[in-house]
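Reader: I should like a close look at a single part of this structure, set out in one connected account. Please state the cut-off behind each term as it arises.

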Amino acid sequence: MFFDFNVSNHSLKLVAPTSLFSGNSNYYTCRFNFETEDWSGLSKIAVFTNDDGAFSVPVEQDQCVLPEEVLTGNSPVFVGIFGTNLSSENYIRISTGLVCLYVADGAYKEANAPSVPSPDLWEKYYEEITRVGGFAERAENAAQNAEAQAVYAEDSKKAATRALSDILEMVGTDLAMLIDGKIPASQIPSIATTEIYTVSSAEEMNSLSVENGDICIRLDENKSYIFSDGWIYLVSPTDYSAKSGYAETAKTAENANKINNHRLVEMTAEEFEIAVKNDDTYYLVY
């Protein structure tokens with residue numbers, strides 16, 4: 001059952017007056033509606049007073065249970081509330097006046113089982129401190145675990161750095177790094193055979209769009225050239241034939257298809273891959 005109170009500044013008003021009856025325990029709840037901003041952020045304590053004394057109860061979520069100790073028959077009980085910021089600086093406390101409630105005799109009288117008394121204010125504080133202390137202990141443990149994880153991560157980073165340093169010391173620093181399982185083009189040496197061209201004149205050869213490592217076969221000269229910042233002549237089979245003593249020119253040489261008494265065979269790279277090789281044969285692959 002609820003008793004509603006309006007709190008405005010230091011005034012306390014019961015919204016709907018009604019009777020209380022003795023013998024009830026943890027049944028009556030007082031609800032407080034704080035209408036003014038001056039109560040915002042304050043710790044609030046409800047005070048219940050009768051002929052036996054005063055009983056203080058913390059107000060949590062703007063309500064509290066009316067203590068059983070004040071529910072004695074045929075006697076008034078006075079209700080008030082105060083709030084404080086519990087601060088050593090800019091301390092403030094607001095205290096309301098008292099509202100009188102009347103407690104009539106209820107059906108319950110002396111019973112064999114003892115009544116359960118309401119928790120004392122300091123017992124409630126102790127419970128709250130214990131609860132908050134548990135949170136603080138768990139937070140401290142979490143902070144210690146986080147710190148240990150950070151130390152472990154830093155040690156792992158240092159170990160990985162040392163391992164990489166040892167590897168580089170063993171193999172050197174000229175390493176190609178794989179990206180998605182491939183070596184980037186920027187890490188491949190710039191001199192590499194990429195294309196082979198066949199032309200019939202110097203003008204046609206010089207007009208080619210080439211890169212270092214490309215080869216050009218000149219049909220008009222029966223010569224081959226490789227490009228390396230310019231065309232460089234490759235010694236041709238005709239020269240070898242002439243030097244081997246078989247003929248002065250390739251056109252009239254009976255053995256012009258030989259170099260130093262070895263056969264000369266021209267074929268593509270695909271043909272070379274599947275060909276049966278002979279030690280007495282030179283292969284010109286393009």
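Author: Two strands are said to pair if DSSP finds at least two bridges between them. The strands themselves (E, at least two residues), like the helices (H or I, at least four residues), are DSSP runs numbered from the N terminus. This is a predicted model, in which local features need pLDDT of at least 70 and side-chain atom pairs count only at pLDDT 80 or more, while totals for chains, interfaces and linings use all residues. Residues are numbered from 1 along each chain as its sequence is written, and side-chain values use heavy atoms, with hydrogens and water left out.

The part chosen here is an open sheet of four strands in the order 2-1-4-7, with mixed pairing. Its edges are strand 2 and strand 7, each of which pairs on one side only. On average, neighbouring strands of this sheet are turned by 25° against each other, direction ignored; the axes are lines fitted to C-alpha atoms, for helices over the stretch in contact, and angles run from 0 to 180 degrees between N-to-C directions.

The pairings can be followed across the sheet. Strand 2 and strand 1 run antiparallel and are joined by four bridges, with V7 opposite L12 of strand 2. Strand 1 and strand 4 run parallel, and six bridges join them; here N6 has N33 of strand 4 as its bridge partner. Strand 4 then pairs with strand 7 in the antiparallel sense over three bridges, and T29 is matched with V65 of strand 7.

Two loops next to these strands carry an unusual backbone angle. Most residues other than glycine have a negative phi. N9, in the loop between strand 1 and strand 2, nevertheless has a positive phi near 55°. Its relative accessible area is 38%, so N9 is classed as partly exposed; buried means under 20%, exposed over 50%, and partly exposed in between (1.4 Å probe, protein chains only). Q61, also not a glycine, has a positive phi of about 55° and lies in the loop between strand 6 (53–58) and strand 7 (63–65). Because its relative accessible area is 76%, Q61 counts as exposed.

The sheet also contributes to a core. A nonpolar core is a set of buried Ala, Val, Leu, Ile, Met, Phe, Trp, Tyr and Cys residues joined through side-chain atoms within 4.5 Å. The largest such core has 27 residues, and F5, L20, F32 and F48 have the most contacts inside it. The elements giving two or more residues to this core include strand 1 (2–8), strand 2 (11–14) and strand 4 (29–34), and also strand 10 (99–104). In soluble globular proteins, nonpolar side chains tend to be buried together.

Contact means heavy atoms within 4.5 Å. Not counting residues up to four places away in sequence, F32 touches F5, V7, L12, A46, V59, D62, Q63, C64 and I81. V99, in strand 10, is classed as buried because its relative accessibility is 13%. Leaving aside neighbours within four places in sequence, V99 is in contact with F5, L12, K13, L14, V77, F78 and V79. V99 and F48 are 51 residues apart in sequence, yet their C-alpha atoms are 9.7 Å apart in space.

C64, one of the residues touched by F32, leads to the question of sulfur bonding. The structure holds zero disulfides, a disulfide being a pair of cysteine sulfur atoms within 2.5 Å. The cysteine sulfur closest to that of C30 is in C64, and because it is 5.1 Å away, it is too far for a bond. Both residues are nonetheless covered: C30 is buried at a relative accessible area of 0%, and C64 is buried at 5%.

For context, the protein has four helices and 17 strands, and 23% of its 286 residues count as buried. Among contacts between residues at least 6 apart in sequence, 44% join residues at least 24 apart. The accessible surface comes to about 19,800 Å², of which 53% belongs to carbon and sulfur atoms; areas come from the Shrake-Rupley method with a 1.4 Å probe, and for residues only the protein chains shown count as cover.
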